[in-house]
Amino acid sequence: MPIDATRPYDDSNIFARILRGEIPARKVYEDAHALAFHDINPQAATHILVIPKGAYVSWDDFSERASEEEIAGFVRAVGHVARAEGLVAPGYRLLANVGPDSGQEVPHLHVHIFGGGPLGPMISPR
Ligand code: AMP
């Protein structure tokens, strides 16, 4: 069920629960600003989610409210994970859904990293 990304942050969401250690995740990277883990329902050979540790609903919310340090830390974490997974030479795709038209389902900012093989068209044909 797509979420309304204009709503305030709700810390009962599943990624907040992963951050609190209440439910497990297949972690691949963690630092002061970000956590990366495998998507539970992968859409590519490699499908990793990177989330900020702060409470942000979406890319929109993050870009408006996060500190320069949080933004820098998160962007560097995404790049670090892609490099560590060996995705730079073959190539990869980043995706961040925001709100209903995108199909965003989890109301905690997450960047999808897709890779591990050709990824097809950027979006489904209309
Ligand atoms: P989005 O549609 O952009 O909000 O993407 C949410 C993503 O979270 C989907 O790709 C789900 O498969 C993934 N997901 C949902 N629950 C979990 C979970 N517990 N662990 C890992 N990935 C999850």
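D39 is buried (under 20% relative accessible area with a 1.4 Å probe, protein chains only; exposed is over 50% and partly exposed lies in between), yet D39 has no salt bridge. A salt bridge here takes a side-chain nitrogen of Lys or Arg within 4 Å of a carboxyl oxygen of Asp or Glu. The nearest side chain of opposite charge, R26, sits 9.1 Å away from D39; Lys and Arg count as positive, Asp and Glu as negative, while His and the chain ends are not counted. This is a predicted model, with local features needing pLDDT of at least 70 and side-chain atom pairs counting only at pLDDT 80 or more, while totals for chains, interfaces and linings use all residues. Residues are numbered from 1 along each chain as its sequence is written, and side-chain values use heavy atoms, with hydrogens and water left out.

So what does the side chain of D39 reach? At 2.8 Å lies the backbone nitrogen of N41. D39 itself is found in the loop between β2 (34-38) and β3 (46-52). Leaving aside residues up to four places away in sequence, D39 touches H47, I48, L49 and H112, where contact means heavy atoms within 4.5 Å.

Now for the rings. Rings of Phe, Tyr and Trp (its six-membered ring) pair if their centres lie within 6.5 Å, with planes under 30 degrees apart called stacked, over 60 edge-to-face and the rest tilted. The count comes to three aromatic pairs. Y56 and F62 make an edge-to-face one, at 5.1 Å centre to centre and 75° between the planes. F62 also pairs edge-to-face with F74, at 5.3 Å and 70°. Y56 and F62 are both buried, and so are F62 and F74. Together, Y56, F62 and F74 form one aromatic cluster.

Methods. Helices (H or I, at least four residues) and strands (E, at least two) are DSSP runs, numbered from the N terminus. A polar contact is a pair of N or O atoms within 3.5 Å; within protein, one must be able to donate a hydrogen and the other to accept it, and residues adjacent in sequence count only if both atoms are side-chain atoms.
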